[in-house]
Amino acid sequence: MGSMKLRSTIHYGFFSIIPKFFHHHLQCRGIVKVRLKWVKNRSLDHIIDTETDLKAVCLLKDAIKRSSGGFLASNSIANWQKLLGLTIPVLRFMRRYPTLFDEFPHPKYPSLPCFRLTDTALMLHSQEESIHQTNEPDTVERLCKVLMMMKTRMVPLQSLSPLKWDLGLPDDYHKTLIPKYPDHFRVIKASNGLPCLKLGEWREEFAVSALQESNERGDGGEYREFKRGKSALAFPMSFPRGYGAQKKVKAWMEEFQKLPYISPYEDSRQIDPNSELMEKRVVGVLHEFLSLTIHKKTKRNYLRSLSEELNLPYKFTRTFTRYPGIFYLSLKCKTTTVAIKEGYRRGKLATPHPIARIREKYNYVMRTGLLYRGKGMNMMPKEDVLLDVAENTTEQEESAEEEPDIDDECNKGEISEEDLDSDED
């Protein structure tokens, strides 16, 4: 491998690793990489498709709550289609879900359709606010971790705003959450004049990645060796069918896993940007960022807006297709979404956050709205909204779930370089 510029001692939160640990990796030959074809994952694509509509519903709900009159006129939301990630007009979309959006004529202009929240939607919103309050310490930690991963420990608010839903932030977090924690966060103006959210002070107790935490919760042996600088941490992998058994792929991944794990909370500017060690560090940063999201996925362009602060290479998107055992890249819904595969099990989130659970209730009400559309709102008992979502899961959904290795040969294909590097999302 090429030479690397490393500090005499590299600190990893609670421990340090001396360069002798890297000596073998510096002297050995470069890892032979294998070009893998992209494989479509129907299960994850279905989740992304469903949650695109769910996110749009939640954003429209928040917009109605923010409005001074408690409703939105159809002409004010007509050009929101792309913003919401929808493939159909917003008016048509809202009419799909009468259990959440109540349509009525404008008080002054009867021909102008307007939408307000139904009692069911207001009940769900109240539950959601309660969950945000209960889980506020977790939200503060998650937001601190995002800032701690940045080179300057700050993020432009315009880059953070699209990530509100993915990171589980309250809609008005900049007004309700940030002012409550002046030791954690500060809003400042950057040199370019843009308002930014800056980390108040470094919190060592937060500088532990999801991969480190999962290893610490395991048998602990590998993690203890890792803290002493004698072992690397391996990423969980779930390959598409047939890939994991290929000798070249196995050899490549075994060598990759042996490379030192670089904490995403460490300054990586001293590492050779063209080294394999830096590539593993990039995998670690993307893995950690996606682990911090509620649904273990986000849009590629949201990451791109933070790529400089995260010290990611210009063409970092190729990392997702280069490591299909760790990540999945989807082109569903006319956008590019990236996810970590370990976040899902049998078509569902492996460990759903309370915010994800309340969103599942919205999803249940959405499905019910489609079912009872045109038959009257009274068809759905409000008590259903208070039930655990698990009780509302149908057998049909269970049968549609797919195993982690669900992909078959007919779904293999190539994602073009234009798809990977395009700014269109």
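**Figure 1. Salt bridge between Asp 62 and Lys 61 in the predicted model.** The side chains of Asp 62 and Lys 61 form a salt bridge with an N-to-O distance of 2.8 Å. Both of these residues, Asp 62 and Lys 61, are buried. Lys 61 also forms a salt bridge with Glu 128, where the closest N and O atoms are 2.7 Å apart. This second pair links distant parts of the chain, since Glu 128 belongs to helix α5 (residues 119-134) and Lys 61 to helix α2 (residues 42-66), 67 residues apart. Glu 128 is buried, as is Lys 61.

**Figure 2. Salt bridge between Glu 103 and Arg 95.** The closest N and O atoms of Glu 103 and Arg 95 are 2.8 Å apart. Glu 103 has a relative accessible area of 36% and is therefore partly exposed, a class that runs from 20% to 50%. Arg 95, at 38%, is partly exposed as well. Elsewhere, salt bridges with shared partners join Lys 61, Asp 62 and Glu 128 into one network. The model has 17 salt bridges by the rule applied here. Side chains of opposite charge can pair when their charged atoms come close.

**Figure 3. Open sheet of three strands, in the order β10-β12-β11.** Pairing in the sheet is antiparallel. β10 (297-299) and β11 (327-330) stand at the edges with a single partner strand each, so one side of each has no neighbour in the sheet. From one strand to the next, the twist averages 20°. Three bridges connect β10 with strand β12 (residues 337-340) in the antiparallel sense. Lys 297 stands opposite Ala 339, a residue of β12.

**Figure 4. Helices α2 and α13 packed on the sheet.** Helix α2 touches β10, β11 and β12, and its direction makes about 55° with that of β11. Helix α13 (residues 276-292) likewise packs on the sheet and touches β10, β11 and β12. The direction of α13 makes about 90° with that of β12.

**Figure 5. The largest nonpolar core, with 58 residues.** Phe 185, Phe 289, Phe 320 and Phe 327 have the most contacts inside this core. At least two core residues come from each of α6 (136-148), β9 (195-199), α12 (247-258), α13, α14 (300-304), β11 and β12. Helix α13 supplies the largest share, nine residues. In soluble globular proteins, nonpolar side chains tend to be buried together.

**Figure 6. Surroundings of Phe 327.** Leaving aside residues up to four places away in sequence, Phe 327 touches Val 283, Leu 286, His 287, Leu 290, Thr 319, Phe 320, Ala 339, Ile 340 and Lys 341. Another core lies apart from the one described above; this other core has 38 residues, including Leu 60, Leu 72, Ala 356 and Tyr 364.

**Figure 7. The protein chain as context for the close-ups, with 19 helices and 15 strands.** Of the 425 residues in the protein chain, 52% are buried. Among contacts with a separation of 6 or more, 72% are between residues 24 or more positions apart. The accessible surface of the protein chain comes to about 20900 Å², and carbon and sulfur atoms account for 50% of that surface.

Definitions and conventions
Residues numbered from 1 in each chain as written. Predicted model: local features only at pLDDT ≥ 70, side-chain atom pairs only at ≥ 80, totals over all residues. Heavy atoms only, no water. Salt bridge = Lys/Arg side-chain N within 4 Å of Asp/Glu carboxyl O. Buried < 20%, exposed > 50% of the residue type's maximum accessible area, 1.4 Å probe, protein only. Helix = DSSP H or I, 4+ residues; strand = E, 2+ residues; numbered from the N terminus. Pairing = 2+ DSSP bridges. Axes fitted to C-alpha atoms, helices over the stretch in contact; angles between N-to-C directions. Contact = heavy atoms within 4.5 Å. Core = buried A, V, L, I, M, F, W, Y, C linked by side-chain atoms within 4.5 Å. Areas by Shrake-Rupley, 256 points an atom, 1.4 Å probe, with all protein chains shown as cover.
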